[in-house]
Amino acid sequence: MASEDIARRADQARQVFDNQAFNEAVQALHESIRRQRLAVKASDTYGQLRLIIAEQLLDKLIGCLHRYIEDGKQEEVQL
């Protein structure tokens with residue numbers, strides 16, 4: 001990927017994190033998943049697995065955006 005593309009992607013990721021609606025939605029999703037995990041029956045292994053996967057997916061999305069920002073910082077250093 002070209003340096004300009006990496007920098008643009010990093011800037012877009014920063015904009016996402018600067019977006020209050022996005023941050024509130026992520027927080028609401030985390031809270032909803034947490035509440036559901038507390039409420040799911042111990043015998044409902046399928047339900048537990050679905051919630052774990054949902055939480056992992058949300059965490060991976062956030063991690064990916066953070067990685068884009070870090071890649072942009074690294075690219076700035078190299079320039």
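Here is a chat between a newcomer and an author about a predicted model.

Reader: What makes up the protein, in helices and strands?
Author: It has three helices and zero strands. Read along the sequence, the pattern is α-α-α.

Reader: How do you know how the protein compares with a compact globule of 79 residues?
Author: Set the radius of gyration against the rule. A compact globule of 79 residues would come out near 12 Å, but the protein has 17 Å. You can also look at the C-alpha trace, which spans about 55 × 25 × 15 Å along its principal axes.

Reader: What share of the residues is buried?
Author: Buried residues make up 19% of the 79 in the protein. To count as buried, a residue needs a relative accessible area under 20%.

Reader: Why is Ile69 called buried or exposed, whichever it is?
Author: Its relative accessibility is 11%. The cut-off for buried is under 20%, so Ile69 counts as buried. You'll find Ile69 in helix H3.

Reader: What does Ile69 touch, leaving out residues up to four places away in sequence?
Author: Ile69 touches Ala10, Ala13, Arg14 and Phe17. A touch here means heavy atoms within 4.5 Å. For Ser3, I can give you a C-alpha distance: Ile69 and Ser3 are 66 residues apart along the chain, and their C-alpha atoms are separated by 13 Å.

Reader: What makes a set of residues a nonpolar core, and which residues are in the largest one?
Author: The members must be buried residues of nonpolar kinds, such as Ala, Val, Leu, Ile and Phe, joined through side-chain atoms within 4.5 Å. The largest core here has seven residues: Ala13, Phe17, Val26, Leu58, Ile62, Leu65 and Ile69. Helix H1 (3-18) and helix H3 (45-78) each supply at least two of them. H3 gives the most, with four residues. As a general background, nonpolar side chains in soluble globular proteins tend to be buried together.

Reader: Which residues does Leu58 touch, again skipping those up to four places away?
Author: Leu58 touches Val26, Leu29 and His30. Val26 and Leu58 both belong to the largest nonpolar core.

Reader: Why is His66 put in its class: buried, partly exposed or exposed?
Author: Its relative accessible area is 42%. Buried means under 20% and exposed means over 50%, with partly exposed in between, so His66 is partly exposed. His66 lies in helix H3. The C-alpha atoms of His66 and Phe17, 49 residues apart along the chain, are separated by 9.1 Å.

Reader: And what about Gln56, buried, partly exposed or exposed?
Author: Try the same test. Gln56 has a relative accessible area of 46%, and exposed would need over 50%, so Gln56 is partly exposed. Gln56 has its place in helix H3. From Gln56 to Gln15 it's 41 residues in sequence and 23 Å in space, C-alpha to C-alpha.

Reader: How do you know which class Asn23 falls in?
Author: Asn23 has 33% relative accessibility. Partly exposed sits between the 20% and 50% limits, so that's how Asn23 counts. Asn23 is found in helix H2 (residues 20-39). Leaving out residues up to four places away in sequence, Asn23 touches Phe17 and Asp18. Asn23 and Ala2 are 21 residues apart in sequence and 29 Å apart in space, C-alpha to C-alpha.

Reader: What share of the contacts with a separation of 6 or more joins residues 24 or more positions apart?
Author: Such residues account for 65% of those contacts.

Reader: What about the surface and the charges?
Author: The protein exposes about 6,000 Å², and carbon and sulfur atoms supply 54% of it. There are 11 positive and 13 negative side chains, and the centres of the two sets lie 9 Å apart.

Conventions
Residues are numbered from 1 along each chain as its sequence is written. This is a predicted model: local features need pLDDT of at least 70, side-chain atom pairs count only at pLDDT 80 or more; totals for chains, interfaces and linings use all residues. Side-chain values use heavy atoms; hydrogens and water are left out. Helices (H or I, at least four residues) and strands (E, at least two) are DSSP runs, numbered from the N terminus. The radius of gyration is taken over C-alpha atoms; the globule rule is 2.2 Å times the number of residues to the power 0.38. Buried means under 20% relative accessible area, exposed over 50%, partly exposed in between (1.4 Å probe, protein chains only). Accessible areas come from the Shrake-Rupley method with a 1.4 Å probe; for residues, only the protein chains shown count as cover. Lys and Arg count as positive and Asp and Glu as negative; His and the chain ends are not counted. The place of a charge is taken as NZ of Lys, CZ of Arg, CG of Asp or CD of Glu.
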